[in-house]
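Reader: I'm new to protein complexes and would like to understand the words people use for them. Could you walk me through this one?

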Amino acid sequence: MIAEHAIILVVVLPLLVAPLCVLLGRGTLAWGAATLAVWSSFGLALHLLGRVLEEGVLRYQLGGWAPPVGIEYRLDLAGALVMTIVTAIGAVVLPYSFASVRREIDEHRHAWFYACLLLCFAGLLGITVTGDAFNLFVSLEISSLATYVLVSIGRDRRALTAAFRYLLLGTVGATFYLIGVGFLYQMTGTLNMEDMARILTEARPDGLGPVHSTKTVRAALAFLTVGTFLKIALFPLHVWLPNVYAYAPSVVSAFLSATATKVAILVLLRVFYTVDGKATPFDALPIADTMVPLAIVGALVASFVAIYQRDVKRLLAYSSIAQVGYMAIGIGLATQAGLAASLLHMINHAIMKGTLFLAVGCIVYRVGQTRLEGLRGVGREMPLTSTALVLGGLSLIGVPLTAGFVSKWALLQAVLADSHWIVAALILLSSLLSILYVGQVIHVLLLRKRPPGAAPIQEAPLWMVLPTLVLAIGNLWFGIASDQAAEVSRQAAEFLIREVAP
Amino acid sequence: MGVAIDIILLLFLLSIAFAACVTRNLFSAAMLFGIFSLISATLFVVLDAVDVAMTEAAVGTGVSTILILITLASTGYRVSPRPAGRQVLALAVSVVLGATMVYGTLDMPSLGSPDAPVHTHPIAQYYTEVSPVEMGIPNMVTPLLASYRGYDTLGETAVVFTAGIGVLALIGRRRRKDPLPIVEEFREGGANRHRVLRVISKQLIPPILLYACYVQAHGDFGPGGGFQAGVIFASGLMLFMLLFGVEHARRIIRPVVLEKLIALGLLIYGGVGLVNILQGGAFLDYRTLAHDPQHGLHYGILTIELGVGITVAAVITTIIYSFASHLRDHVMQRTLRLRQGADAAQTSPESGA
Amino acid sequence: MYAATALLLLLAMGMTLVRALRGPTVFDRILAVNMFGTSTVLMVSVVSFMHHVTDMTDIALIYALLSFTGTIAVLRFVEIDHERREMERAEQEREVLP
Amino acid sequence: MGWLLEWMSVEVALLAALVSPLAGAALVVALGPNPNARDGSSLVAGVVTFLCVLRIAMALQAGEPVAMELWEPTPGLLFALEVEPLGLLFALVASLLWPITTLYAIGYMRAHHEEHQTRFFAFFAITISAVLALAFSANLASLFVCYEAITLATFPLVTHSNDRTAWRAGRVYLGILMGTSVGLLLFGVLGVHALAGTTRFTPGGVLAGPLADGNVSKATLGVLLGLFVFGAAKAAVMPFHRWLPNAMVAPTPVSALLHAVAVVKAGVFTILKVVVYIFGLDLVRELHAHTLLLYVAGFTVVAASVIAMHKDNLKERLAYSTIGQLSYIVLGALLVAPESVQGAGLHIAAHAAGKITLFFGAGALLVTAHKKYVSELDGIGRQMPITMACFAIGSLSIIGLPPTGGMWSKLLLIEGAYHAGHGPVVVALLISSLLSVVYLLSIPVRAFLRPAPTAQTGEHPHHGPAPWTCRIAMVLTAGLSVWLFLFPDFLYDLVVRMTEPTP
Amino acid sequence: MEFLGYINYWVFIVLMMSGFYLFLSARNLVKKIIGLNLFQTSVFIYYISTGKLRDGSVPIQTEGIESYSNPLPHVLILTAIVVGVASTALGLSLILRIKDDYGSIEEDEIDAQDVLS
């Protein structure tokens, strides 16, 4: 029975444990319930990934109603991949959160915090698995609203403005998405993605060519794309991101940076391939011509700005914008290799950003702040944390034998396969910039001396260090034995592209 | 005739939107927004969307406007002038947006055209022709909301739940050991000076609550359902709060109870789905609930509507309580500060300068 | 017949709208909004009879209830704001006096 | 002794050559608390590694193909090993000198009372593993990965002393090596892959096809060649040479093995490999860019020698000498005459044997007599005769005089330059050799012929000879230089096979 | 009549533009929220317009009525309204907290304080 319903349980379990957390009321109990829910989701996600690899697309009719009438859950390989990333990061973050949350969030808010974390988690998973364009909007809003709360629940007042700005832009993005879906609905009469894709290729009732060539559908695509760009934080729509990641509680920064943008990218893929796939959006709109330059400029500008940041979390946030740029480049190429590289980078970026933010969280736990000046020499006294930080940093730069290298390599290859020499050179330039900003952090943490008279610092508690190290080792593991991840992302890309082929 | 009403209402909307853009006074902007919602709700009635009209009226004119007003009461109505450069930029972006949309409308089917894909797609017929027979429920929106797209509604309930938790987490009153010192005039709170208003309005509260129950139960046959009922229920409680003060209202339904109710509603909804799975059906397949599938559907829809109603009523009440408490604390602190200042000024005249 | 009623109602709504837009005092606006709500209740009822769908009267009822509650709420918050301004004025006077 | 090695299959030997240094590193860490066992295990690992490389050499001599594919994380990034003559030569040199250096390091580190010796030996071993993997890489992609691994593994060695200068040097080191490799070398690797569809080292090169098909212009290929020459900054072609003198803050065994043999040779090795197996000699000859690059390398040769003359610090003088000598090899590669390429290959071995001897000498002076500067060395030969004698032999080898192996490689280089018609290069080579006579031979001359500064200061009048392990190591390497003079045939065969690919 | 068939869409576009303009140009946070709500409400009007069927009736089954408007957009907008009010409530409570912590709800004054800290 569980196998049959796994696809829905993976989303619904955390969704329903969230109110349970509130009923339980106490922070520790809520934490326990949340951890159990997330871990079982992780197990189910692995199970689903295996099945998708074996059997192809999985389907589930919610309420027992056949698709265009009811909502359908439809899990393809790309979805399963992102789902696995999200649940894996969740499974690592939750044990970590116990100590960190106690330090950073007021006691009476703990149960609410875990409830919101679960809702955000469930919303993100819902996006990965849904086959219905409107249901995607609902899931998006669940995760977004929960995110706004998560960001602002800490004690830093700057998180409030960050969350507010995120709320405004996020709502605009979601509304754009809604407009796009509305246009598509008007031209197709359905909300099911596959049904939409089918009708888009049909001839119009008035006999004027296929539906996808109408101006309405083009406008719809434009709205969907811009709305999703906002969620992805693609340059120049990234303004909300740095402060959100910088001032949110550590656990939230780690979780969001590793998952939220990835899921948003999946939404983009859904728009481009699953919904509009057969109409090949890249022909209808100048997407590649705008997306690749925006992405590359974004990667450069963000890397450059990151160098001048004096706050570690802000620095990492800007680097996230740059990394999102890489993924967007891969998608903008509109080739299978590019798409596969993007998906692979998605996995790897989740691991490395997760590592880095968790490691920074360990430091925050002991030091209480993230300004670079205040962290001089801290790494020397926290050897395990700084090991994780260094590994994550190397991966971010893209040093061989780390995860970051493999995906950057794949991306560069995809770029060069289309002879975009300048793009490749610019990607390398932004990698060079990443050496500078990562080097700066490592330099301050490890090489500078603690100011005289500073109180000695201990290593963070075991339950925080252990998850951090697990992810850090993931960086190495996916750098050395990355063939499986690469194979899965290649297959996922192939599947998405094959959907395009008529 | 419908078209004429439609157009006049749209003209009203346009004038309000322009006024809202131009006005410098936040209070009038908020009031205009209220009217805007009211008119659009009327427009929804003209466009046959009665359920939406009910919700928009309850939410737009009711909840949103009042929340904005409470916020304004504690933040003030002052607005600093906007720099011109920013206005030009905003205008440019809006025009680009509008141009894209106009471009999009060029190929749209005209309003109400029966040839539009929205109406020719088989699912449209399914919802209007098969569904009443299959479900035995005259209001086509209700089964669509609660069963065909019941999962969306679960998500919607989760969103409401999140909002409730979020507001609690942000401005919910801390369970502090030392509560704020209470200024005596505020202890009673509410409109205690207006005796007549109090007496008259008090009589209105039970009908409102009763009416909420009617809307909850009658959703199968007419406009209404859990969400609308929840909002109406909450507005009844809000009336009570306005008349007798938030402290009193908090004693009637304790915030802790509300918090648990928020969770309970969502759990009821999800629980139905899990029971369906245990019964061997798909998630939210109510037909498994009874031997006769139609009965099962009715049970299921009633139960989840109840869940929605509970969560929504609890969340809206919680939100309004939290906002009102926040405002009250704000006013009280201010008064205390001023009093202390006044005392200090009286005792030592030099310090005032 | 219904059409004529509807048109006249729309006229009334338009007039109240002008008041709501022009103000000039807060109480003008509040009154206009309240008035507008009442017209809307009537409007919905008229539309309901035009369509022969009696269920719409439920909506009219809700509008009426909310309009009442809303007006009280608005007045209450205006009152609070008024009190605050009084206090501020008192504060300023005290600062000016010494 | 062939029978001794026969029982091991070639594949096993290949893997074992890479794994045994790593295993050695693990052992070193595990045995850290017990210095004797730790250092012993390090030595044993070195010997085992060398034997494995020998086994591979025997297989190659016998004409067996030695290749294996490890894994392919993403398409185009294939980790594969394939042994060819040049790689074998490099691996032989590195693996032979590793146990010797270890022997030396044991004495040096203990006499110098260095801290963190466990860490030192562990990273040393990891570096060697990466170097061997680089030497055996079957394609540019895996070569690049190894190249970066070497940079990272040596970083802790450069910053070993953990003081301000060390960290500053570390920063320059990492900055230049990482920056050039990511910015230029990686771009070159990807460019090759994009143009040729493969990065496999193929006799005759892989880029001639795309050029013939008109997919790429000569100018682009010239730029590509430039990316490699400057991108492999470990070769220290000016202007990317500054990391090498900086890296001299590391303990002397590091300078000796890594910054005279393994790391810097990884750079020139990369360039040689690229010229021979990616571009192909014929193709490079057609590119106008190669002349330009040739003059850059030639300038480096002369300039480095001039700078070396002005350095009083012994290790820095040797560092600049290394820069010059490395550019000899780059020159040899870029001259693209068969003789010069052979000479370049041979010079990898000859320079390694010579320069390591010199560094051993410098280290012995530092640890025994606490002398860092050339000007302090007057008359020291009488107290440390073995050290200074070996130093003299090493100097001869670098200069290219008999009875040392350096003579053959220089001869081949000059011959190649002459055949290729590059007169100025011949002149540059000769000038540089003359200069090296001045800056290198002057040292043993001072040590033996000048009188000691007779107890003016009275510091360390009788410090005695260097530690015995150091002396053994020095004698071994000096002997190696001489042996290369007497029996160059084995290596010569190898380099010839490189330029005349077996069908 | 063809022109009238599009007027809903175009008016909705103008409404949406004004809402978006208010959202972008305002620096007062509450005003931004009001603009956002106008923007969203206009989108709701658009959705409901798509479901309208000429001569169709309220989608509640009644004797003697054959054609009904499509109820699907109604359901979608019910959900969207709820989502809208949820984010409005969250936004406003954030504003209250910002007012508490910064003492202002004007964007540039808050930014100025953030830069200083």
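**Where chain E meets chain A**

Author: Happy to! Let's start with one pair: the side chains of Arg165(A) and Glu107(E) form a salt bridge, 3.8 Å from N to O. Keep in mind that this is a predicted model.

Reader: Why is the pair Arg165(A) and Glu107(E) called a salt bridge?

Author: The term needs a side-chain nitrogen of Lys or Arg within 4 Å of a carboxyl oxygen of Asp or Glu. Arg165(A) and Glu107(E) have an N to O distance of 3.8 Å, so the pair fits the cut-off of 4 Å. Between chain E and chain A, the count is two salt bridges.

Reader: Which helix gives the most to the side of chain E that touches chain A?

Author: That is α3(E), with 16 residues. The residues on this side of chain E are 23 nonpolar, eight polar and six charged.

Reader: What makes chain E and chain A partners in contact, and how many residues does each bring?

Author: Contact means heavy atoms within 4.5 Å. Here 37 residues of chain E and 30 residues of chain A take part. Together the two chains bury about 3,100 Å², with 73% of it on carbon and sulfur atoms. Tyr46(E), Tyr47(E) and Leu94(E) supply 17% of the area that chain E buries against chain A, more than any other three residues.

Reader: How do you know that chain B and chain D do not touch?

Author: Their nearest C-alpha atoms are 39 Å apart, and no contact joins the two chains. Chain D and chain E are also without contact, their closest C-alpha atoms lying 32 Å apart.

Note on methods: Residues are numbered from 1 along each chain as its sequence is written. Chains are lettered from A and ligands numbered from 1 in the order in which they are written. This is a predicted model: local features need pLDDT of at least 70, side-chain atom pairs count only at pLDDT 80 or more; totals for chains, interfaces and linings use all residues. Side-chain values use heavy atoms; hydrogens and water are left out. Buried area is the accessible area (1.4 Å probe) that two parts lose on being put together, summed over both. Helices (H or I, at least four residues) and strands (E, at least two) are DSSP runs, numbered from the N terminus. Ala, Val, Leu, Ile, Met, Phe, Trp, Tyr, Cys and Pro count as nonpolar, Asp, Glu, Lys and Arg as charged, and the others, Gly among them, as polar.
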